[in-house]
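Hi,

Here is the structure I promised to pass on. Have a look at it first, and then read my notes below.

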Amino acid sequence: MNFNHLLNPKEQLQFCKNRNLVICKWKPVSEGQASAGKNVCVSMLCDECGARTEKFLHSEEYEKHKKVITKEVNRVKTRK
């Protein structure tokens, strides 16, 4: 599953370091961590090149995506 829709437009268009002229495919690698102002921080990792970014989601937005984020994080943990 592709999680690029959670990122801002600039991050969505970041070119992958391993593949020429292909955008990164971001996936969450950690469950949300609470931060100030009712925000939740989710670490994202490119599936292809290993680039990392942090995405801050408002708690309401995080709750909408919590199920699929948790499912993806658990899938990655069991794959290793």
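A salt bridge here is a side-chain nitrogen of Lys or Arg within 4 Å of a carboxyl oxygen of Asp or Glu. Searching the whole structure with that rule turns up two salt bridges. Before I get to them, some housekeeping: this is a predicted model, where local features need pLDDT of at least 70 and side-chain atom pairs count only at pLDDT 80 or more, while totals for chains, interfaces and linings use all residues. Residues are numbered from 1 along each chain as its sequence is written, and side-chain values use heavy atoms, with hydrogens and water left out.

**Overall layout**

The chain has two helices and four strands; these are DSSP runs numbered from the N terminus, with helices (H or I) of at least four residues and strands (E) of at least two. Reading from the N terminus, the order is α-β-β-β-β-α. The radius of gyration is 13 Å, close to the 12 Å that the globule rule gives for 80 residues, so the chain is as compact as a globular protein of that length. (That radius is taken over C-alpha atoms, and the rule is 2.2 Å times the number of residues to the power 0.38.) Along its principal axes, the C-alpha trace spans about 40 × 30 × 15 Å.

Of the 80 residues, 35% are buried. Buried means under 20% relative accessible area, exposed means over 50%, and partly exposed is in between, using a 1.4 Å probe and protein chains only. As for contacts (heavy atoms within 4.5 Å), 37% of those between residues at least 6 apart in sequence join residues at least 24 apart.

**The core**

Which residues touch the most other members of the largest nonpolar core? They are Trp26, Met44, Cys46 and Ile69, out of 16 residues in that core. Strand E3 (39-46) and helix H2 (59-79) each supply at least two of the core residues, and E3 gives the largest share, with four. By nonpolar core I mean a set of buried Ala, Val, Leu, Ile, Met, Phe, Trp, Tyr and Cys residues joined through side-chain atoms within 4.5 Å. In soluble globular proteins, nonpolar side chains tend to be buried together.

Trp26 is worth clicking on. Leaving out residues up to four places away in sequence, tryptophan 26 touches a list that includes Asn2, Phe3, Leu7, Gln14, Met44, Cys46 and Arg52.

**The two salt bridges**

One pairs aspartate 47 with lysine 27, where the closest N and O atoms are 3.6 Å apart. This pair links distant parts of the chain, 20 residues apart: aspartate 47 is in the loop between E3 and strand E4 (52-58), and lysine 27 is in strand E1 (residues 26-28). Aspartate 47 counts as partly exposed at 39% relative accessibility, whereas lysine 27 is buried at 12%.

The other joins arginine 75 and glutamate 72, with 2.8 Å between the closest N and O atoms. Both residues sit in helix H2, three residues apart, or about one turn of the helix. Arginine 75 is partly exposed at 36%, and glutamate 72 is buried at 5%.

**Lysine 55 and histidine 58**

Lysine 55 lies in strand E4 and counts as buried, with 17% relative accessibility. Its side chain reaches the backbone oxygen of leucine 6 at 3.3 Å. Beyond residues up to four places away in sequence, lysine 55 touches Leu6, Leu7, Asn8, Val40, Cys41, Val42 and Met44.

Histidine 58 is also placed in strand E4, and is partly exposed at 34%. Setting aside neighbours within four places in sequence, histidine 58 is in contact with Lys38 and Asn39. The C-alpha atoms of histidine 58 and lysine 38 are 6.1 Å apart, with their positions 20 residues apart along the chain.

**Cysteines**

How many disulfides does the structure hold? Zero, taking a disulfide as a pair of cysteine sulfur atoms within 2.5 Å. For cysteine 41, the nearest cysteine sulfur is that of cysteine 24, 18 Å away; cysteine 41 is buried at 11%. Cysteine 46 is in no disulfide either, and its nearest cysteine sulfur, again that of cysteine 24, is 3.5 Å away. Cysteine 46 is buried, at 3%.

Cheers

Methods:
A polar contact is a pair of N or O atoms within 3.5 Å; within protein, one must be able to donate a hydrogen and the other to accept it, and residues adjacent in sequence count only if both atoms are side-chain atoms.
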